[in-house]
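Me: I've got a structure open and I'd like to go through the labels on it. Can you tell me what each one rests on?

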Amino acid sequence: MTQTQVRDTGGRPVLVIGGGIAGVTTAVEAAEAGCDVILVEKLPYLGGRVARLFRYFPKLCPPGCGLEINFRRIKINPRITVLTQATVDDISGSPGDFQATITVAPRFVTDACTLCDKCAEVCPVERPDDFNLDMDRTRAAYLPHRLAYPPLYVIDRVACPSGCTACRDACAYGAIDLTQQPARRTVKVAAVVAATGWAPYDATKIDNLGFGRYPNVVTNVMLERLAAPDGPTRGRILRPSDGQPPASIAFVQCAGSRDENHLPYCSAVCCAASLKHVTYLRDVYPEARITIFYIDLRTPGRLEDFLQKVTADERLTLIKGKVAGVEEDPATHDLMVTAEDVMGGRKITQTVNLLVLATGIVPQTDGLPAGFALDEYRFVAHSNGGTGMFAAGCVTRPEEVSATVQDATGAALKALQAVVRSAHHG
Amino acid sequence: MAKSPGVYICSGCSIGESIDVPKLAKVAESEFKVPRCQVHPVLCNPEGVELIRKDLADGAIDGVVIAACSPRVKTDAFAFDPTVVLDRVNLREHVAWCQKPNDEDTQMMAEDYLRMGIVKAQKSEPLEPMHDEISRKILVVGGGVTGLTAALEGANAGYEVVLVEKDSRLGGFVSTLKKRFPTAPPYTELTVDGVAAQIESVSYHPKIEVLTSAKILKTSGQPGMFDVTIATGAGEMKTRVGSIVLATGWKPYDATKLGHLGYGLSPDVVTNVEFERMAAGGPIARPSDGKAVESVLFVQCAGSRDKDHLPYCSSVCCMASLKHAAYVHEQNPDAAVYIVYKDIRTPGQYERFYRAAQDHPLNFLTKGEVVGVEKADSGALAVTVKDTLLDERIRIEVGLVVLATGMVPNAADGVAIRAVKDARATLARADATEPQKVDARNKIETLAHHEGTEILQLTYRQGPDLPAFRYGFPDSHFVCFPYETRRTGIYAAGAVRSPMDAARAQEDAAGAMLKAIQSVELEAAGAAVHPRAGDLSFPSFFLQRCTQCKRCTEECPFGTLDEDVKGTPQLNAFRCRRCGVCMGACPERIISFKNYSVEIIASMIKAIEVPEEEDEKPRVLVFMCENDAYPALDVAGLNRVQYDPSVRVIPLRCLGSLNIVWIADALSGGIDGVMLVGCKYGDDYQCHYMQGSELANRRLENVKETLQRLQLESERIQLTQLAINEYDRLPGLINGFVERIRELGPNPYKGF
Ligand SMILES: Cc1cc2nc3c(=O)[nH]c(=O)nc-3n(C[C@H](O)[C@H](O)[C@H](O)COP(=O)(O)OP(=O)(O)OC[C@H]3O[C@@H](n4cnc5c(N)ncnc54)[C@H](O)[C@@H]3O)c2cc1C
Ligand code: SF4
Ligand code: SF4
């Protein structure tokens with residue numbers, strides 16, 4: 001079904017860079033207000049980081065629910081052009097009249113793909129599954145995830161044995177074209193919105209917490225995948241070292257955040273995220289002993305309810321204090337966590353089966369074209385009118401989804417203003 | 001009506017290997033005698049689509065039934081004029097990929113689905129968008145930083161704006177601030193940009209009309225056509241607007257309720273709002289004696305994060321007190337500043353400001369709980385704090401105590417106001433029963449304080465303002481859709497929506513204004529707004545048969561329906577979100593959409609061929625929410641998970657559109673069981689239409705009673721809550737239900 005069009009602004013399109021929840025929202029909100037939109041996403045699917053979350057705090061609802069609605073809005077709206085595996089190389093011109101160069105990498109699979117799965121069946125090699133943060137593997141011909149949009153397979157040609165054409169030969173729909181080349185195109189746009197989001201802070205840099213050295217130290221983003229039914233442990237949260245269920249788990253808050261040596265800002269979502277992770281663990285391990293080491297518990301607004309609800313758990317202990325170090329027992333791969341208990345005024349050591357680092361949010365601005373003003377942490381500074389270049393979501397500051405969507409809707413308005421002006425001035 | 005839909009069957013994607021397609025085509029040809037029935041090996045390719053386009057262009061058909069993959073995929077390929085009747089029969093995900101290939105049961109399933117699709121198309125009528133004179137003017141209520149920003153942003157996008165402020169001047173609370181939180185790198189310096197510049201831009205903007213000392217007396221109509229009556233100093237005026245941004249901000253929590261923290265004990269115990277005013281007005285002096293302030297103690301969360309006061313966190317008071325500490329040191333570098341907190345909450349880049357405050361040698365911050373404030377002999381105030389970082393109990397003497405009080409929304413709860421009004425009406429009624437009166441009195445007692453708080457003065461049957469969400473904020477319940485509103489065309493923004501600071505409120509203002517603009521543009525195209533954005537269908541009421549039971553007017557989640565004096569529903573179609581909840585509620589079955597009606601679904605049920613009892617093949621009807629459960633079943637197909645072939649799935653716009661007559665139809669037609677799969681309900685409901693699945697569940701309770709009377713086991717009907725990512729659970733749930741139905745044995749009414 002195609003949607004009836006709302007009135008035409010007559011202006012140039014809006015270019016949105018990044019197809020996470022911020023970019024997807026900017027695109028649908030602007031398009032439903034009458035803008036043409038080009039949405040450029042680096043990965044082969046939309047949804048960004050939230051597509052890889054199991055549930056949202058505080059409702060514990062699945063991100064796929066809202067994404068599905070937004071994908072439907074995209075599907076029926078002819079004003080939106082989605083370009084996946086694409087990046088914006090360059091932007092020139094002035095507000096209302098930008099020229100942008102976009103490179104689209106080959107997917108090797110065309111729109112004729114029917115999701116029949118034959119290509120994956122015959123594919124002889126595997127590759128790390130980046131959707132599952134490399135904790136699992138897929139074939140080189142794969143569907144990124146079950147609710148992926150666009151619903152098309154993709155071929156990771158880098159992983160293919162040289163000269164292999166097994167998938168192409170197996171596809172009954174002629175949907176595989178292994179000769180595809182990167183394509184460049186230039187578009188004229190009225191406004192640009194950066195929505196390139198965030199990446200988790202590299203936990204191997206936090207020396208004293210043992211990530212990368214000890215298998216049972218995982219990060220919060222890994223825990224999201226471990227808890228998900230389509231994750232590497234099919235929703236059972238198991239210890240990486242031996243695949244056993246953990247009986248005791250600790251969380252280290254501000255792992256890298258609020259730390260002059262790492263991220264000097266607060267990543268804003270990790271407190272609520274860890275509380276949410278407690279609920280994931282409780283679902284599968286009603287008896288497990290859980291500890292959270294924190295500096296301040298930051299759950300503003302009505303997230304307070306969530307804090308109260310989760311901390312009513314009798315097997316959950318909250319300790320105000322910074323974790324000083326983590327050691328591993330080589331025999332059991334258990335972890336000894338040493339921390340300062342600020343309220344008790346003493347040093348404590350606790351042994352746990354699994355340790356989760358609440359790592360923070362780093363803006364993903366490396367792939368952005370020049371022209372966006374960045375602050376010293378490389379967040380895009382909130383730009384005001386006139387520049388025609390706006391930003392939304394975690395690329396501007398660490399924030400949760402509802403704030404991201406709020407931002408993105410506002411960015412859609414800024415973009416609409418530029419579009420309307422471009423119509424008046426030709 | 002699409003009297004002659006064409007049927008197009010795809011045999012690709014293993015449909016042809018699993019289903020006898022020529023035999024399936026016979027169903028369309030001989031049972032339905034459709035004018036066209038074509039089979040194609042890859043219907044979604046250009047050649048296949050061309051078959052359909054050509055038949056449409058030739059006028060050979062007046063509707064399209066595509067029996068191929070899920071309606072969720074290949075939407076681009078199968079995109080026709082939105083006014084053409086189109087139905088997509090999901091042979092791939094819901095049959096070929098999840099059933100035993102070339103099995104008799106699989107074939108029966110495919111044939112039933114095709115029958116259901118054809119009758120649905122035959123009974124559906126082509127859509128025509130509704131049209132009316134739509135006003136594109138936007139009303140902004142409240143002239144604080146949120147309202148000013150919303151007005152400017154809307155006007156700069158080319159829209160006319162009317163800004164209504166109850167005070168005699170614009171600017172709200174922000175105009176009284178001495179300084180604002182840092183918003184730019186390095187995030188350690190307070191800024192001085194007030195709202196003066198914005199006030200000026202708004203005042204001189206050719207597209208903005210400003211009304212100060214103004215009050216809304218009445219808002220009638222619907223999105224695109226709200227008629228607003230406003231009282232101003234110059235008298236009453238009327239204006240027509242298309243949508244509304246509610247930006248009425250907040251008020252400080254009533255500090256007189258904070259006696260336990262010393263408020264009222266001495267003039268030297270002040271709130272953060274009072275402190276801000278003191279600082280903005282000149283040098284900060286002790287209210288009691290006008291002396292300079294040598295030491296101050298800030299009590300964080302004064303009234304917030306407190307179940308006896310405000311259970312939520314007011315989000316801004318940590319930053320506010322850190323800012324106030326900076327004011328103190330600006331004036332007196334040697335002053336001692338104590339901040340007693342539960343947690344310091346300075347998310348994101350605000351952490352830099354906190355860090356800078358921590359670096360000041362005379363800022364003493366400690367976690368702790370203030371348990372007493374007394375007057376000390378010295379004339380100072382003695383504050384007792386327990387559970388601190390330093391000791392279990394400490395006593396600090398200071399010259400001034402500042403209570404960091406929280407934010408209360410300046411909102412009116414439309415639903416509560418309506419409830420009091422109804423309760424008063426009940427008491428006034430001569431025929432009210434005693435229990436009704438008791439109930440009414442209780443309601444009045446708990447809700448009477450809402451009376452007189454009206455802001456928008458909507459003439460809606462469901463109340464004069466937005467319904468309040470938790471703790472009185474007219475916020476959205478959805479993580480992904482913070483601007484979802486239960487009154488179409490009306491969007492709350494800023495501190496009235498949720499506790500937030502000014503910078504955030506300005507962004508929120510832009511977002512809400514975009515939604516207001518989008519609402520008028522979609523209404524002008526006759527189309528629905530989110531979540532069925534773009535939908536052209538709308539309900540119509542066959543009022544001759546209406547019994548004035550008022551179920552529809554009560555249950556519509558969006559306040560679409562008003563009532564005349566007799567209680568007959570009056571449709572305001574531009575408020576409607578096309579969920580169909582009213583259609584499900586109506587016992588007389590008089591509410592229908594051109595492409596979604598009680599009759600259409602009933603015909604689909606009738607189209608299912610129910611095997612004879614001796615065939616021992618049960619039939620189970622499954623109503624599924626099309627937004628979440630249906631996609632989950634698609635994924636089960638994608639994963640090639642097999643489930644019981646006895647089920648026949650009918651997607652619903654929302655489980656709340658379930659009309660119980662369908663259950664009666666199904667059971668009397670010999671169907672053995674009915675399963676409903678919808679979104680989670682309760683406090684953390686996931687239903688996109690708020691209460692759809694819950695309403696369906698309530699309706700089921702009534703059905704179960706009827707069943708018992710008919711000596712039918714109530715287990716034949718079951719509602720299951722399912723989230724979209726629970727696709728692994730769904731086949732098991734289906735099998736489990738069918739298993740139970742088999743145990744119960746065939747529906748005794750089969751064959752009657
Ligand atoms: C452990 C954890 C749990 C969380 N849980 C919750 C929760 O329960 N509830 C909640 O509200 N929030 C939660 N959050 C926060 C949430 O993840 C963010 O609010 C959200 O992801 C922000 O969306 P975004 O679109 O800004 O960024 P992203 O999700 O990062 O999306 C950005 C997109 O841009 C693409 N991109 C990047 N660079 C380029 C480029 N150069 N060109 C084109 N495309 C590009 C990326 O591939 C990506 O798809 C959590 C965060 C963490 C760390
Ligand atoms: S949100 Fe919590 S864990 Fe994350 S950086 Fe901020 S204080 Fe630390
Ligand atoms: S379809 Fe939904 S929104 Fe429209 S009148 Fe009926 S119940 Fe209300």
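Reply: Sure, let's take the labels one by one, keeping in mind that this is a predicted model.

Me: What makes the pair Glu351(B) and Arg258(A) a salt bridge?

Reply: Their closest N and O atoms are 2.8 Å apart. The cut-off for an Arg nitrogen and a Glu carboxyl oxygen is 4 Å, so the pair qualifies. Across the interface of chain A and chain B the rule finds 16 salt bridges.

Me: And what about polar contacts between chain A and chain B, how many are there?

Reply: The count is 47 residue pairs, both partners at pLDDT 80 or more. On the chain A side, the elements giving two or more residues are α1 (21-32), α2 (63-75), α7 (303-311) and α8 (401-424). α8(A) gives the most, with 15 residues.

Me: How do you know how far the interface of chain A and chain B extends, in residues and in area?

Reply: By contact, 88 residues of chain A meet 99 residues of chain B. By area, about 7,700 Å² is buried between the two chains, and carbon and sulfur atoms give 54% of that. In chain A, Lys59(A), Arg302(A) and Gln406(A) lose the most area to chain B, together 11% of what that side buries.

Me: Which classes do the residues on the chain A side fall into?

Reply: The side of chain A that touches chain B has 43 nonpolar, 17 polar and 28 charged residues.

Me: Now inside chain A. What are its domains, and how far apart are their centres?

Reply: Domain 1 covers 3-105 + 182-197 + 364-425, and domain 2 covers 202-360. Taken over C-alpha atoms, 33 Å separate the two centres.

Me: What makes you say that those two domains of chain A touch?

Reply: 14 residues of domain 1 of chain A are in contact with 20 residues of domain 2 of chain A. Contact asks for heavy atoms within 4.5 Å, so these residues pass that test. About 1,400 Å² is buried between the two domains, with carbon and sulfur atoms giving 73%. On the domain 1 side, the residues that touch domain 2 include no polar ones: the split is ten nonpolar and four charged.

Me: Why is Asp283(A) with Arg55(A) called a salt bridge?

Reply: Their side chains come to 3.0 Å, N to O, and the limit is 4 Å, so the name holds. Between domain 1 and domain 2 of chain A the rule finds one salt bridge, and five residue pairs in polar contact, both at pLDDT 80 or more.

Me: On to the ligands. Why do Lys42(A), Val401(A) and Thr404(A) count as polar contacts of ligand 1?

Reply: Check each against 3.5 Å for a pair of N or O atoms. A backbone N or O atom of Lys42(A) lies 3.2 Å from a nitrogen atom of ligand 1, so that one counts. For Val401(A), a backbone N or O atom is 2.7 Å from a ligand oxygen, so that one counts too. The side chain of Thr404(A) has an N or O atom 3.5 Å from an oxygen of ligand 1. Around ligand 1 there are 35 residues, and Val401(A) is among the closest, along with Glu41(A), Phe57(A), Lys276(A) and Glu399(A).

Me: What makes up the surroundings of ligand 2?

Reply: Among the residues around ligand 2 are Cys254(A), Cys266(A), Cys270(A), Cys271(A) and Arg258(A). β14 (248-255) and α6 (270-284) of chain A each give two or more residues to this shell. By class, the shell has six nonpolar, three polar and three charged residues.

Me: And which residues come nearest to ligand 3?

Reply: Of the 13 residues around ligand 3, the nearest are Cys556(B), Cys576(B), Cys579(B), Gly580(B) and Cys582(B). Nine of the shell residues are nonpolar, two polar and two charged.

Me: How do you know that the peptide bond joining Tyr149(A) and Pro150(A) is cis?

Reply: Look at omega, which is about -5 degrees there. Pro150(A) is in the loop between β8 (141-142) and β9 (154-155) of chain A. In chain B, the bond from Pro185(B) to Pro186(B) is also cis, with omega near 0 degrees. Pro186(B) lies in the loop between β6 (161-164) and α7 (196-204) of chain B.

Conventions
Residues are numbered from 1 along each chain as its sequence is written. Chains are lettered from A and ligands numbered from 1 in the order in which they are written. This is a predicted model: local features need pLDDT of at least 70, side-chain atom pairs count only at pLDDT 80 or more; totals for chains, interfaces and linings use all residues. Side-chain values use heavy atoms; hydrogens and water are left out. Buried area is the accessible area (1.4 Å probe) that two parts lose on being put together, summed over both. A polar contact is a pair of N or O atoms within 3.5 Å; within protein, one must be able to donate a hydrogen and the other to accept it, and residues adjacent in sequence count only if both atoms are side-chain atoms. Helices (H or I, at least four residues) and strands (E, at least two) are DSSP runs, numbered from the N terminus. Ala, Val, Leu, Ile, Met, Phe, Trp, Tyr, Cys and Pro count as nonpolar, Asp, Glu, Lys and Arg as charged, and the others, Gly among them, as polar. A residue is near a molecule or strand if one of its heavy atoms lies within 4 Å of it. Domain bounds come from an automatic or database domain assignment.
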